[in-house]
Amino acid sequence: MPNETSADLSIEAICERALDGTPPGAPELKALLSLSSIEAAEPLFATARELRHRTFGDIVFTSGFVYFSTYCRNHCNFCLYRKGNDAAPRYRKTLEEVVAVARGLASEGVNLIDLTMGEDPLTHESGDYTPVYEMIEAVRAETGKPIMISPGVVPADVIEKMKEAGATIYACYQETHNKDFFHKRRVGQDYDERAAARDAARRAGLLVEDGMLTGIGDTIDDRVNSILNMSDHDWDLARIMTFVPEEGTPLANLPVQSPLHEILVTATLRLMRPTWMTTASLDCESLAGTAARVNAGASVVTSIIYPETGLAGVALAEHDIEEGRRTVPAVLGVLGELGLRQGTDEEYAAWIERSRTAHVVPVA
Ligand code: SF4
């Protein structure tokens, strides 16, 4: 259980307790997330690396990203792909195109393939998700890689069918667990409905990823609240990203944010849940930001995008993609400089198996 009573909130004492098996409680999280610089947080990062090492050794995994439909019915005001934004690149990739991209990612050696879509009216308003099931099935058959499906909010029976089709992980990001703030950012969406989709995925036997967005007007208390919520639910993976102001959106004029908050959250999550898969996303600062995130305890580099296929990223939609700097070889170069290596598919499969059976919060 998190330590709620400790009086010593020095970074050293908090880290020592975490290494001894006592994760931070709310006061400790607040102290850690209030650190003012990367330099000041180095003891935290060293602790996060040590805890990652105890679970994963010297390995970090890679995840390939396939954004197969960029159409969306929603109006999240932080998102480039919100409905009606003419600045967003819009496309729907065919089954054949997606399989070809997945084959390319598999040949590069990614450990996971993340099939992501906006809440495309073609599926989400018709209720016919057959093309998504077929895509999961085809990519799984072609590559043999585990598949993360990120379809937005979908009914429980659809989630079950996605699992039957071959998905291993369901990703659905709340971004914040402050309900009022959620409704200001995910305009017109239901906090509880989104949360319930993750519960349904767990009941269906999928691993589950929640996510946080930092630097979007959220406070330190909001981040503490979100970390505790995610930890209490005992999910398996967490995606952490810094908000990037996007052209054509209501938040386009917000200042560009430092990644410090994201990196602090990454490290504190490792102290909370040492076995979780946590992200170093190429979406925020691309390859240049990877080392800092991995140094903070991240265990998977995400948003690797196969070049020359016209695919977009979530943020920095086109940055570094066609130049081939968001590829496995590019990421391996960074990992090598940090004395790390990419995990094998067998090691990733072993983590999946351990996660399936290790939930502190029982699967209902
Ligand atoms: S964050 Fe997702 S649900 Fe929201 S507008 Fe963007 S693509 Fe749609």
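**Reading a predicted model, feature by feature**

Modeller: Let's start with S303, which counts as buried because its relative accessibility is 6%, and the cut-off for buried is under 20%. Keep in mind that this is a predicted model.

Biologist: Fine. Where is the place of S303?

Modeller: S303 is in strand β8, residues 300-304.

Biologist: And how should I read its phi?

Modeller: General idea before the case: most residues other than glycine have a negative phi. In this structure S303, although not a glycine, has a positive phi of about 65°. S286 is another non-glycine with a positive phi, about 55°.

Biologist: In which loop is the place of S286?

Modeller: S286 sits in the loop between α12 (282-285) and α13 (290-295). With a relative accessibility of 1%, S286 counts as buried.

Biologist: On to the core. How do I read that?

Modeller: In soluble globular proteins, nonpolar side chains tend to be buried together. Here the largest nonpolar core has 98 residues, and the members touching the most others are L44, V66, L115, I136, V139, I159 and Y170. Helix α11 (residues 260-272) supplies the largest share of this core, eight residues.

Biologist: Take V139 as a sample. Which residues does V139 touch, not counting those up to four places away in sequence?

Modeller: With those sequence neighbours set aside, V139 touches V98, V99, A102, I113, L115, G144 and I147. There is also another core lying apart from the largest one, with 15 residues, including L207, M277, Y348 and I352.

Biologist: Y348 has a ring, so let's do aromatics. How do I read a ring pair?

Modeller: A pair of aromatic rings is described by the distance of the centres and the angle of the planes. The count for this structure comes to six aromatic pairs. Take F61 and Y348: the ring centres are 5.0 Å apart and the planes are at 80°, so this pair is edge-to-face. An angle over 60 degrees is what earns that label.

Biologist: Which parts of the chain does the pair of F61 and Y348 link?

Modeller: Distant ones: F61 is in strand β1 (residues 59-69) and Y348 in helix α15 (residues 345-357), with their positions 287 residues apart. As for accessibility, F61 is at 1% and counts as buried. Y348 is buried too, with a relative accessible area of 1%.

Biologist: What about Y348 and W351? Is that pair stacked, edge-to-face or tilted?

Modeller: Tilted, because the planes are at 50°, with the ring centres 5.5 Å apart. Y348 and W351 are both in helix α15, three residues apart, or about one turn of the helix. W351 counts as buried at 2% relative accessibility. Putting the rings together, F56, F61, Y348 and W351 are linked by ring pairs into a cluster.

Biologist: And charges over rings?

Modeller: You look for the charged end of a Lys or Arg and its distance to the ring centre. R239 has its charged end over the ring of Y173, 4.2 Å from the centre. K93 lies over the face of Y91, with 4.9 Å to the ring centre.

Biologist: Next, empty space. How many cavities of 30 Å³ or more does a search of the whole structure find?

Modeller: Two. Let's look at the second largest cavity, which holds about 50 Å³ of space. Its lining is made of E175, T176, F181, M212, L213, I216, D218, D222, R223 and S226. The elements giving two or more residues to that lining are β5 (207-214) and α10 (220-233).

Biologist: Which element gives the most to the lining of the second largest cavity?

Modeller: α10, with three residues. Helix α10 also holds D221. At 45% relative accessibility D221 counts as partly exposed, since that class runs between 20% and 50%.

Biologist: Last one: how do I compare distance in sequence with distance in space?

Modeller: Set the two values side by side. D221 and A26 are 195 residues apart in sequence, yet their C-alpha atoms are 8.9 Å apart in space. Then take E193 and D58: along the chain they are 135 residues apart, and 38 Å separates their C-alpha atoms.

Biologist: Where is the place of E193?

Modeller: E193 is in helix α9, residues 191-203. With 48% relative accessibility, E193 counts as partly exposed.

Technical notes:
Residues numbered from 1 in each chain as written. Predicted model: local features only at pLDDT ≥ 70, side-chain atom pairs only at ≥ 80, totals over all residues. Heavy atoms only, no water. Core = buried A, V, L, I, M, F, W, Y, C linked by side-chain atoms within 4.5 Å. Buried < 20%, exposed > 50% of the residue type's maximum accessible area, 1.4 Å probe, protein only. Helix = DSSP H or I, 4+ residues; strand = E, 2+ residues; numbered from the N terminus. Contact = heavy atoms within 4.5 Å. Phe/Tyr/Trp six-rings, centres within 6.5 Å; stacked < 30°, edge-to-face > 60°. Lys NZ or Arg CZ within 6 Å of the ring centre and 35° of its normal. 1 Å grid on protein atoms, 1.4 Å probe; cavity = no way out; pocket = protein on both sides within 12 Å on 5 of 7 lines; lining within 4 Å. Points joined across faces, edges and corners; volume = space filled by probe spheres on them.
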